[in-house]
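Visitor: I've got a fold to look over and would like someone to talk me through it. Can we start with the layout and then get down to single residues?

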Amino acid sequence: MTSSSAESSESSEAVYELAQINIGRLKALLDSEQLKPFTDGLAPVNAVADASDGFVWRLQDDTGDATDFRVFDEWTLVNMSVWRDTNALTAFMYQGQHRELLARRREFFERLEEAVTALCWVPAGHRPTVEEAETRLLHLRAHGPTEYAFTVRTSFPPGPASPLADPVSGAAPALAPGPDPATDPAPESLSRSAS
C-alpha cells in the first residue's frame, strides 16, 4: 500500500464509525425468572462495553440499558452501539460475560429465521435512531450483505453507502440513507418505540 492510499484509509476510518444493531424477540417477560440471568447480566456487560478499547456509544435509556426500546413489536428488544471498527466490536463480542450471555441467548430469545444483527458505517459522531436500525436490518434481510447493511462475516470498508431499491417494487426505501459526514456530522437524537 502506498503512503497516500494508507493515509486515505486512515482518513476514511476517522470519518466513519461502525454501528451495530441487533434484536431479540423475548421468550418471556423481562421480569420473569426465565430472563433473570439475562437482566442480571446487563449492567456488568454494559460496563465492560463502556470500558472497551474502541467503544464509542450505546443506546440506553435513563436506567442505563436499552430494554425500554422496541422494534417491530412489543416483544422485540433492540440493542445498538457504535465502535471504532469491526476489530473493536468483535474483541468485545466474543469474550467474557458477553460471550457467556451470547452462548445462552436461546434461553432468553426466540430463534428467528431472518437476520437479527446488522452492521453499517456511519459518519463519526452520528448516533443511529431506532428507525434507522429497523431500516438497516430490513435492508440486510431483503438484499443480503451490502455496503449499506452487512454482517460480521461479510463486511465492507468504511465509506458512504446508499440503500438498494426494493427487489419487488424497484422503489427506493422510504427512509433516506444515513447522513453524509460532510453535511451532517452532528449526532441525532434517539427515538423510542412505544412499548
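Visitor: In what order do the elements of the protein chain run from the N terminus on?

Guide: Keep in mind that this is a predicted model. The protein chain holds six helices and four strands. Reading from the N terminus on, the order is α-β-α-β-β-α-α-α-β-α.

Visitor: What share of the contacts with a separation of 6 or more comes from residues 24 or more positions apart?

Guide: The protein chain has 195 residues, and 40% of them are buried. Among contacts with a separation of 6 or more, the share from residues 24 or more positions apart is 73%.

Visitor: And how much of the accessible surface belongs to carbon and sulfur atoms?

Guide: The accessible surface of the protein chain comes to about 10,600 Å². The part belonging to carbon and sulfur atoms is 52%.

Visitor: Let's turn to α2. Where does the kink in α2 lie?

Guide: Helix α2 covers residues 36–51, and its 16 residues reach 24 Å from first C-alpha to last, close to the 22 Å expected. There is still a bend in α2, of about 40 degrees, shortly before the proline Pro44. The residue at the kink is Leu42.

Visitor: Which elements are included in what covers the buried residues of α2?

Guide: The residues to cover are Phe38, Gly41, Leu42, Val45, Asn46 and Ala49. That spacing invites a general remark: an α-helix has 3.6 residues a turn, so residues three or four places apart point the same way. The cover over the buried residues of α2 includes β2, β3, α3, α4 and α5.

Visitor: Which residues touch the most other members of the largest nonpolar core?

Guide: As a rule, nonpolar side chains in soluble globular proteins tend to be buried together. Here the largest nonpolar core has 22 residues, and β1, α2, β3, α3 and β4 each supply at least two of them. The members touching the most others are Leu18, Phe38, Trp83, Leu89, Phe92, Phe108 and Phe109.

Visitor: Which residues does Phe109 touch, leaving out those up to four places away in sequence?

Guide: Phe109 is one of the residues that touch the most other members of the largest core. With residues up to four places away in sequence left out, Phe109 touches Gly24, Arg25, Leu26, Lys27, Phe38 and Leu77.

Visitor: Is Gln20 buried or exposed?

Guide: Gln20 lies in strand β1, and touches Asn79, Met80, Ser81, Trp83, Leu89, Ala118 and Leu119, not counting residues up to four places away in sequence. Its relative accessible area is 7%. The cut-off is under 20%, so Gln20 is buried.

Visitor: Which side chains make polar contacts with the side chain of Gln20?

Guide: One contact, at 2.8 Å, goes to the side chain of Asn22. Another, of 2.9 Å, joins Gln20 to the side chain of Asn79. The partners are Asn22 and Asn79.

Visitor: Now the loop between β2 and β3. Which side chain makes a polar contact with that of Asp61?

Guide: Asp61 sits in the loop between β2 and β3. At 7% relative accessibility, Asp61 counts as buried. Its side chain makes a polar contact of 2.5 Å, and the partner is the side chain of Thr63.

Visitor: What is phi of Phe72 near?

Guide: Phe72 is also placed in the loop between β2 and β3. Its relative accessible area is 40%, so Phe72 counts as partly exposed. Phi of Phe72 is positive, in a residue other than glycine, and is near 65 degrees.

Note on methods
Residues are numbered from 1 along each chain as its sequence is written. This is a predicted model: local features need pLDDT of at least 70, side-chain atom pairs count only at pLDDT 80 or more; totals for chains, interfaces and linings use all residues. Side-chain values use heavy atoms; hydrogens and water are left out. Helices (H or I, at least four residues) and strands (E, at least two) are DSSP runs, numbered from the N terminus. Buried means under 20% relative accessible area, exposed over 50%, partly exposed in between (1.4 Å probe, protein chains only). A polar contact is a pair of N or O atoms within 3.5 Å; within protein, one must be able to donate a hydrogen and the other to accept it, and residues adjacent in sequence count only if both atoms are side-chain atoms. Contact means heavy atoms within 4.5 Å. Accessible areas come from the Shrake-Rupley method with a 1.4 Å probe; for residues, only the protein chains shown count as cover. The expected span of a helix is 1.5 Å times one less than its number of residues. The bend at a residue is the angle between axes fitted to the seven residues ending there and the seven starting there. A nonpolar core is a set of buried Ala, Val, Leu, Ile, Met, Phe, Trp, Tyr and Cys residues joined through side-chain atoms within 4.5 Å.
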